[in-house]
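Hi everyone, thanks for coming. Let me put the structure up on the screen, and then we'll walk through it together.

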Amino acid sequence: MSVTILNHSLVKHKLTNIRKKETKTKDFYQHVEEIAGLMAYEITRDFPLKEVEIETPICKCVQYEIANDVVIVPILRAGLGMVEGIRSMIPTAKVGFIGMYRDEKTLEPHEYYAKFPDTIVDSIVLVVDPMLATGGSAIAAIEMLKKRGCKDIRYVGLVGAPEGIDALSKAHPDVNIYLASQDEKLNENGYIVPGLGDCGDRLFGTK
Ligand code: PRP
Ligand code: URA
């Protein structure tokens with residue numbers, strides 16, 4: 001298991017933009033998508049490669065392609081905001097969906113939808129959700145994927161609280177975690193501090 005916090009000036013710059021409370025829906029969505037695209041570079045760093053024989057305009061040669069299929073699984077709703085950014089870097093990736101919401105009082109996750117491509121079991125699965133707060137949603141989503149037989153699962157988020165990172169690492173020690181930022185803490189309502197507020201509402205303009 002590893003926790004990678006991206007240390008990149010452009011990612012930090014764009015993250016500052018989405019943290020600002022005055023950032024409006026269109027700009028917010030665009031920046032979430034762009035940060036996710038930039039994170040794809042780091043996430044794919046160690047993807048296994050296979051040799052392929054190709055022909056350049058000059059000669060035949062053996063080169064490399066990514067060996068495994070990739071499936072992106074956003075946790076609805078907020079995870080949707082990260083999908084196109086990663087797909088722009090991995091256009092062959094398939095997409096599955098997990099619908100999950102957090103009860104506002106208990107903070108417990110509740111599943112309401114699941115749909116995956118048939119090939120998911122043998123694919124590299126990227127579970128994407130911008131917010132890792134208590135970790136409950138991510139832990140439950142990954143549990144669901146493991147029950148279906150997925151073996152290579154990685155979690156990709158934007159902002160994580162120490163509590164969520166710790167809980168996810170303990171529940172699924174085999175899952176590598178990628179985040180754009182580790183923030184300070186959770187507040188009494190289970191929101192990440194300083195965080196960026198309710199990510200689903202800000203992405204989709206619902207409040
Ligand atoms: C948010 C977020 C995560 C979850 C994180 O979703 O997108 O899925 O909360 O919290 P946790 O780590 O404590 O589980 P929310 O339940 O607000 O649903 P939404 O994306 O549909 O708004
Ligand atoms: N979900 C969000 O959208 N934001 C938080 O800070 C925590 C959970």
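**Two ligands and two helix pairs**

Let's start at ligand 2, where a backbone N or O atom of G197 lies 2.8 Å from a nitrogen atom of the ligand. Before we go on, please keep in mind that this is a predicted model.

Staying with ligand 2, which residues are around it? They are R102, M131, A133, G190, Y191, I192, G197, D198 and C199. Two of these also place a backbone N or O atom by an oxygen atom of ligand 2: for I192 the distance is 2.8 Å, and for C199 it is 2.8 Å.

Now over to ligand 1. How many residues surround ligand 1? There are 15, and the closest are R102, D129, T134, G135 and S137. You may recognise R102, since it is also listed around ligand 2. At ligand 1, R102 uses a backbone N or O atom, 2.7 Å from an oxygen atom of the ligand. With D129 we turn to a side chain: one of its N or O atoms there is 2.4 Å from an oxygen atom of ligand 1. T134 brings a polar side-chain atom to 2.6 Å from an oxygen atom of ligand 1.

Next, the helices. Find α1, residues 9-19, and α2, residues 25-43. Their axes are 9 Å apart, and the helices pack at an angle of about 155°. Are they roughly parallel or antiparallel? Angles over 145 degrees count as roughly antiparallel, and therefore α1 and α2 are roughly antiparallel to each other. The crossing of α1 past α2 is left-handed. On the α1 side, the contact is made by L10, V11, K14, L15, N17 and I18. From α2 come D27, F28, H31, V32, E34, I35 and L38. Sorted by class, that contact has eight nonpolar, two polar and three charged residues.

Our second pair is α4, residues 136-147, with α5, residues 162-171. Here the axes come within 9 Å and cross at roughly 20°. Angles under 35 degrees count as roughly parallel, so α4 and α5 are roughly parallel to each other. Their crossing is right-handed. A138, I139 and I142 of α4 meet A167, L168 and A171 of α5. What classes do these residues fall into? Six are nonpolar, with no polar and no charged residues in the contact.

That's my tour. Thanks for listening, and do spin the model around yourselves!

Methods:
Residues numbered from 1 in each chain as written. Chains lettered and ligands numbered in written order. Predicted model: local features only at pLDDT ≥ 70, side-chain atom pairs only at ≥ 80, totals over all residues. Heavy atoms only, no water. Axes fitted to C-alpha atoms, helices over the stretch in contact; angles between N-to-C directions. Helix = DSSP H or I, 4+ residues; strand = E, 2+ residues; numbered from the N terminus. Parallel < 35°, antiparallel > 145°, perpendicular 65-115°, else oblique. Left-handed = near helix turned anticlockwise from the far one by under 90°. Contact = heavy atoms within 4.5 Å. Nonpolar A, V, L, I, M, F, W, Y, C, P; charged D, E, K, R; others polar. Near = heavy atom within 4 Å. Polar contact = N/O pair within 3.5 Å; in protein donor to acceptor, adjacent residues only side chain to side chain.
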